Amino acid sequence: MSFTQRIRLRADAIWKASHDHPFVQGIGNGTLPKESFKYYMKQDYKYLIEYSKVMAMGVVLAPDLKTMSGFATALDETLNTEMELHRTYAERLGVSREELEATVPGPVTLAYSSAMLAEAQKGSLAELIASILPCAWSYYEIGKALAALPGALDHEYYGEWVRMYSSEDFGSIADWLIATLDQLAESKSAEELDRLEAIFLNTSRYEYMFWDMAYKQESWPVA
Ligand SMILES: Cc1ncc(C[n+]2csc(CCO)c2C)c(N)n1
């Protein structure tokens, strides 16, 4: 079993909880309230800005040109394809570019982004990838699962979201991160692998919490 298969297995209960979450299922069957989706899109936009910085740190930490180029491609995809989806939905939802960019990150958005940035700043590429992998990988799994539901791909409102996250382009970023982490894991000690697993489990938990936060439109308890 590869290292990423091992950590995916350990995270299975968390990933299943995300998959079954009413927010995710609501995108798939079209019943998700638009207000929850609007809240999610605004929070996710802020999250993706920080995620992009982590990708950029991947370029810096990369040991060779091929790896640099992989991070540069993923960074471009995030800034110019994925975030374009958010800009398009924001327009449909009547949220201006200014409002979108001025979104105040909620508690989970801030905690999740800070956790990824903290791992990236420690300076090990394996730790950086372990922290961002649940993000790219779980969305691809969710995208594909939702795409298999009748009508989800063609849904007049959420179809675009399902098409983007089930696309091969996003899948190839997840596959590339998986292969890169497996390669880095080959030269790590058992203690280091345990540490990478713990990082992966933590951001898997944050993925679940992000869906939950958005569903409940959870904000800071005191403004
Ligand atoms: C909370 C949260 N987690 C994951 C993603 C999905 N995502 C973020 S970056 C990336 C890889 C390529 O850009 C993918 C699939 C998201 N949007 N929001």
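Helices (H or I, at least four residues) and strands (E, at least two) are DSSP runs, numbered from the N terminus. Residues are numbered from 1 along each chain as its sequence is written. This is a predicted model, in which local features need pLDDT (the predictor's confidence in each residue, from 0 to 100) of at least 70, side-chain atom pairs count only at pLDDT 80 or more, and totals for chains, interfaces and linings use all residues.

**Exercise 1.** Describe the span of residues 10-216.

Solution. Begin with the record: an unreviewed UniProt entry lists residues 10-216 as "domain: Thiaminase-2/PQQC", in the numbering used here, with a shortened feature name and an annotation that may be inferred rather than shown by experiment. Next take the secondary structure, which is 82% helix and 0% strand over this span, and then its end C-alpha atoms, which lie 27 Å apart.

**Exercise 2.** Decide whether Ser-167 is buried, partly exposed or exposed.

Solution. First locate Ser-167, which sits in the loop between helix H9 (159-165) and helix H10 (168-185). A residue is buried if 20 or more other C-beta atoms, placed from the backbone, lie within 10 Å of its own, exposed if 12 or fewer, and partly exposed in between. Because Ser-167 has 15 other C-beta atoms within 10 Å, Ser-167 is partly exposed.

**Exercise 3.** Characterise the residues that surround the ligand.

Solution. Counting residues whose C-beta atom, placed from the backbone, lies within 6 Å of the ligand gives 15, the closest being Thr-78, Cys-135, Ala-136, Tyr-139 and Phe-210. Helices that each supply at least two residues of this shell include H4 (34-61) and H5 (65-92).
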